[in-house]
Amino acid sequence: MNVAALDLPELTTDETAHSAALQTRIAATIGAAGGWVSFATFMRLALYEPGLGYYSAGARKFGAAGDFVTAPEVAPVFSRCVAVQCAQVLRTLGPDAVMLELGAGSGTMAAVMLAELRKQDALPAEYWILDVSADLRERQREAVAATAPDLLSRVRWLDALPAGFDGVVVGNEVLDALVVERFAMRAGQVRALGVGVADDGSLQWREADGSAELAGAVRAIEAELGQRLPEGYESEINLGLRPWLQAVAEPLRRGMMLFIDYGLPRRELYAQERSRGTLLCHFRHRFHEEALARVGLQDITAWVDFTTVAEAAQSAGLDVAGYTTQAHFLIGCGITDFVANVAELDLAERVNLSRQAMILTLPGEMGERFKAIALTRDCDLPLRGFGVRDLRHTL
Ligand SMILES: C[S@@+](CC[C@H](N)C(=O)[O-])C[C@H]1O[C@@H](n2cnc3c(N)ncnc32)[C@H](O)[C@@H]1O
């Protein structure tokens, strides 16, 4: 399918120029690399190239006016529930414990969480934000200033992972924004789906032999499935997920890492019927698979392999303390109480809150596609968000 067939909204002149500038930059990188780069290299440039990448340049990405809506943007009640779970852990860790939010996006979740943690009498000593896109800092600062101005002094923006700390690490829709490789099965071989440059200067899909690392990872999936992936099967794999998670886990002396994202256990993610993978692009609330189009103007994501997340955490010495659907996580954290105890709201606000809770929890909306996983170190608690339904056996 080409972009014209997708019938996406027209671009402004500025958007067209921005995308063309990034495409030229990517084409130069491909040229310097001998005519081909892996999909992960392309995705890194498309999303994070300083000044031009999707997350590194000023476009409005999040919320109704942007390209996609994440759970914190759907409703504050999501972040309030996450705060309930974090508060439970922070309380046991004591007053020096900190929060570290990875990939804070617009800062909405940080703002609501801080306000809710105060209500719960469980404020962390500091609230750190580490986002690969420094461009978002001002927006995050404004979000906290608008909701909890007196707590802004507790927020600190980090340039790199911190030294050892006790606390809670959270990341909503961060794992799906990490770069992935794409591969295809051809005549029994693992081929890498990468990117080249056509004669007219446009970017085009191009295949190459899969690296030993990529082929090894795909063969390991096949061994686990007990069968070969079929001819023509295409999918994605995040070869950087294990080292990334281990690096994030390393400074956590005591506490919890909590990730919420769309994804599946590995056996389901690589099921035969998912033969085109899970790569998805978001442009003004339209979803499509044309990752090479509109570079710099659209988000590119892939579903998370939660089995790898769990394995990486265990290798880093953490316990997989919980894994469940977003719906069950939110119910465990008391979303129904938040929706019921609304004496201060008028009727329209109540209806709106109920509608938001449904989007967050219904199976056909965000409730089942999204999962929550809790990874703990030296923190043996019956975690609230994971008490309703335990899906760890599926990992
Ligand atoms: C899809 S957005 C989610 C934003 C926000 N958490 C939310 O739920 O609305 C992904 C965010 O992760 C950030 N990000 C991507 N890779 C990252 C990394 N390796 N470390 C920290 N942040 C990262 C992006 O800059 C972006 O802010």
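## Helix α7

In this predicted model, helix α7 spans residues 137–147, and its buried residues are Arg139, Gln140, Ala143 and Val144. These residues cover an arc of only 135° around the axis, which puts them on the same side of α7. An α-helix has 3.6 residues a turn, so residues three or four places apart point the same way.

The buried residues of α7 pack against one helix and two strands: α6 (108–119), β2 (127–130) and β3 (155–157).

## Helix α9

Helix α9 runs over residues 241–249, with Leu241, Leu245, Val248 and Ala249 buried. Viewed down the axis of α9, the buried residues fall within an arc of 100°, so they line one face of the helix.

The cover over the buried residues of α9 includes the strands β1 (98–102), β4 (165–172), β9 (252–264), β13 (304–305) and β15 (370–377). Helix α11 (306–315) is also among the elements that cover them.

## The four-stranded sheet

Four strands form an open sheet in the order β7-β6-β5-β8, and the pairing is antiparallel. The edges are taken by β7 (203–209) and β8; each has a single partner strand, so one side of each is left without a neighbour in the sheet. From one strand to the next, the twist averages 40°. Helix α3 (residues 39–48) packs on this sheet and touches β5, β6 and β7. The direction of α3 makes about 40° with that of β6.

Strands of a sheet pair through backbone hydrogen bonds, either parallel or antiparallel. In this sheet, β5 pairs in the antiparallel sense with β8 (residues 234–237) over 4 bridges, and also in the antiparallel sense with β6 (residues 189–197) over 4 bridges. Ala184 has a bridge partner in each of these strands: Glu234 in β8 and Arg191 in β6.

## Strand β5 and its hairpin

Strand β5 covers residues 181–186, and 5 of its 6 residues are buried, so the strand is largely enclosed by the rest of the structure. β5 and β6 form a hairpin with 2 residues between them. In the turn, Ala187 has a positive phi of about 50°.

## The three-stranded sheet

A second topic is the open sheet of 3 strands, ordered β11-β10-β12 with antiparallel pairing. Its edge strands are β11 (286–288) and β12 (299–301), each of which pairs on one side only. The twist in this sheet averages 25° from one strand to the next.

Strand β10 (residues 280–283) pairs with β11 in the antiparallel sense, over 3 bridges. Within this pairing, His282 has Phe287 of β11 as its bridge partner.

## Two histidines of the sheet

His282 is located in strand β10. The relative accessibility of His282 is 8%, so this residue counts as buried. Apart from neighbours within four places in sequence, His282 is in contact with Asp67, Phe68, Tyr262, Phe287, Gln298, Asp299 and Thr301. Phe287 thus appears both in this contact list and as the bridge partner of His282.

His288 is located in strand β11. With a relative accessibility of 4%, His288 also counts as buried. The side chain of His288 makes a polar contact with the side chain of Gln298, at 2.6 Å. Gln298 is also among the residues in contact with His282.

## Cysteines

A search of the whole structure gives 0 disulfides. For Cys86, the closest cysteine sulfur is that of Cys333, at 8.5 Å, which is too far for a bond; the cut-off for a disulfide is a pair of cysteine sulfur atoms within 2.5 Å. Cys379 is likewise in no disulfide, and its nearest cysteine sulfur, that of Cys86, is 11 Å away.

Cys86 and Cys379 can also be described by their accessibility. Cys86 is buried, with a relative accessible area of 0%. Cys379 is buried too, with a relative accessible area of 10%. Both values are under 20%, the limit for a buried residue.

Methods. Residues numbered from 1 in each chain as written. Predicted model: local features only at pLDDT ≥ 70, side-chain atom pairs only at ≥ 80, totals over all residues. Heavy atoms only, no water. Pairing = 2+ DSSP bridges. Axes fitted to C-alpha atoms, helices over the stretch in contact; angles between N-to-C directions. Buried < 20%, exposed > 50% of the residue type's maximum accessible area, 1.4 Å probe, protein only. Contact = heavy atoms within 4.5 Å. Polar contact = N/O pair within 3.5 Å; in protein donor to acceptor, adjacent residues only side chain to side chain. Arc of directions from axis to C-beta.
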